[in-house]
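Welcome to this guided tour. Please open the structure in your viewer and keep the selection tool at hand.

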Amino acid sequence: MQLLRPDSLEAAAAALGNGSVALGGGTDLVPLLRDRIVQADTLVELRDVVPRGVEGTTIGAGTTLAELELNTEIPQALREACSLSASPQLRSMGTIGGNLLQATRCWYWRLKYPCFLHGGSTCHAREGAHREHAIFGNERCASAHPSDPAAALLALGATLRTTRRELPLAELYRLPTEDDRNLTTLEPGELIVELDVPQPEASTYLKAMDRSRFSFALVGVAVARVGAETRVALAGVAPIPWLLDSPDDLDRATPLPGTAYKVELARPLIRRALDAVA
Ligand SMILES: Cc1cc2nc3c(=O)[nH]c(=O)nc-3n(C[C@H](O)[C@H](O)[C@H](O)COP(=O)(O)OP(=O)(O)OC[C@H]3O[C@@H](n4cnc5c(N)ncnc54)[C@H](O)[C@@H]3O)c2cc1C
Ligand code: SF4
């Protein structure tokens with residue numbers, strides 16, 4: 001395997017495709033390569049070309065979660081979501097760009113079952129073990145989006161700049177369809193460059209997990225109050241980060257038998273988060 005270290009963003013983007021994949025901190029990609037879920041002959045190292053650091057409301061996609069968790073200039077929800085993600089070692093390597101694009105943790109997918117997301121016709125989780133899976137948007141694929149920061153950024157109304165366009169974070173994600181099994185709208189060869197994260201009046205992130213540390217969200221709740229509007233977004237409940245129109249949306253969830261508990265877990269977390277930003 002080759003490691004390319006391009007000296008410009010343009011060169012990095014041009015090097016992608018045909019067996020070349022982008023390497024951020026490698027905390028998600030390297031295990032996927034090791035397990036041969038992702039096949040690549042060239043890794044394109046982004047470290048020298050994707051911006052890193054925070055300037056005003058702009059966050060470089062190469063900024064690590066550890067740097068964000070300590071930065072008091074950024075909204076509290078994002079800081080808290082970063083500090084509750086993974087372990088200190090992973091946070092010091094993992095970048096915010098890579099975090100938004102991390103692959104699903106669904107064990108069937110990671111064990112290479114030929115499931116819907118891998119191009120097959122069945123979601124094995126619907127019939128099999130699915131305690132950590134989705135309660136919304138789970139008709140075809142019942143995976144639960146693993147990123148805590150993505151939910152925080154969704155509630156905060158963040159926008160992304162890529163090598164090709166600017167888009168609201170919400171438009172980075174999509175539910176898979178028969179014709180297109182991708183969970184993001186990122187095109188081949190497109191890189192996330194930076195994020196714009198407006199400051200809300202108040203925001204917070206709460207997370208229910210199996211252990212108090214180093215565990216993916218069973219349910220993560222991000223709330224941001226911007227003027228008269230309060231936005232609520234969830235992690236761990238749908239194949240993509242999930243924005244609620246109101247807490248009453250929980251009454252319209254479509255849990256699987258083994259995920260119904262997540263609806264009841266979300267209710268008090270949302271209440272507590274709303275109280276915290278009121
Ligand atoms: C044991 C474990 C526990 C974890 N727990 C949590 C948790 O609780 N909460 C949570 O949110 N996350 C968790 N994570 C995920 C972790 O936060 C991510 O692995 C990490 O943030 C990914 O960042 P990275 O820079 O290492 O990405 P990489 O592994 O380098 O890349 C991930 C993907 O993004 C692509 N990519 C990277 N940067 C860019 C870019 N700028 N533009 C376009 N594509 C890019 C890569 O090609 C790859 O497809 C956990 C991970 C592990 C291994
Ligand atoms: S939840 Fe999604 S990733 Fe998991 S088995 Fe079903 S289709 Fe595959």
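How much space lies in the largest cavity? The answer is about 80 Å³, and you are looking at a predicted model as you go to find it.

**Stop 1: the cavities**

Select Cys 106, Cys 115, Cys 123, Cys 141 and Ala 142, which are the closest to the centre of the largest cavity among the 14 residues that line it. Next, add the helices α7 (107-110) and α8 (124-127) to your selection, as each of them gives two or more residues to this lining. Colour the lining by class and you will get 10 nonpolar residues, three polar ones and one charged one.

How many cavities of 30 Å³ or more does a search of the whole structure find? It finds two. The second largest cavity has a volume of about 30 Å³. To see what surrounds this space, select Gly 56, Thr 57, Ile 59, Glu 73, Ile 74, Pro 75, Val 197 and Gln 199. The lining of the second largest cavity has four nonpolar, three polar and one charged residues.

**Stop 2: a pocket**

Now turn to the second largest pocket, where about 320 Å³ of space lies. Its lining has 18 residues, and those closest to the centre of the pocket are Arg 105, Cys 106, Trp 107, Glu 132 and Phe 216. You have already met Cys 106 at the largest cavity. Sorted by class, the lining of the second largest pocket holds eight nonpolar, five polar and five charged residues.

**Stop 3: ligand 1**

Select ligand 1 and show what is around it: 31 residues surround the ligand, and Ala 22, Gly 25, Thr 27, Thr 95 and Asp 148 are the closest. By class, this shell has 15 nonpolar, 12 polar and four charged residues.

Zoom in on the oxygen atoms of the ligand for some polar contacts:

- At Gly 25, a backbone N or O atom lies 2.6 Å from an oxygen atom of ligand 1.
- At Ala 86, a polar backbone atom is 3.1 Å from an oxygen atom of ligand 1.
- At Ser 85, an N or O atom in the side chain is 3.4 Å from an oxygen atom of ligand 1.

How much of ligand 1 does the protein bury? Taken alone, the ligand exposes 970 Å², and the protein buries 89% of that. To see which elements take part, select β2 (20-23), α6 (96-100) and α9 (148-155), the elements that give two or more residues to the shell around ligand 1.

**Stop 4: an open sheet**

Finally, switch to a cartoon view and look for an open sheet of five strands. Trace its order, β4-β5-β8-β6-β7, and note that the pairing is antiparallel. Which strands are at the edges? They are β4 (54-55) and β7 (166-168), and each of these pairs on one side only.

Select β7 together with β6 (residues 159-162): this pair is antiparallel and has three bridges. For a last look, pick Leu 160 and find its bridge partner in β7, which is Leu 167.

Conventions:
Residues are numbered from 1 along each chain as its sequence is written. Chains are lettered from A and ligands numbered from 1 in the order in which they are written. This is a predicted model: local features need pLDDT of at least 70, side-chain atom pairs count only at pLDDT 80 or more; totals for chains, interfaces and linings use all residues. Side-chain values use heavy atoms; hydrogens and water are left out. Two strands pair if DSSP finds at least two bridges between them. Helices (H or I, at least four residues) and strands (E, at least two) are DSSP runs, numbered from the N terminus. A residue is near a molecule or strand if one of its heavy atoms lies within 4 Å of it. A polar contact is a pair of N or O atoms within 3.5 Å; within protein, one must be able to donate a hydrogen and the other to accept it, and residues adjacent in sequence count only if both atoms are side-chain atoms. Accessible areas come from the Shrake-Rupley method with a 1.4 Å probe; for residues, only the protein chains shown count as cover. Ala, Val, Leu, Ile, Met, Phe, Trp, Tyr, Cys and Pro count as nonpolar, Asp, Glu, Lys and Arg as charged, and the others, Gly among them, as polar. On a 1 Å grid over the protein atoms alone, a cavity is a set of points where a 1.4 Å probe fits but cannot get out, and a pocket is an open set with protein on both sides within 12 Å along at least five of seven lines; lining residues have an atom within 4 Å of a point. Grid points are joined across faces, edges and corners, and a volume is the space filled by probe spheres set on the points.
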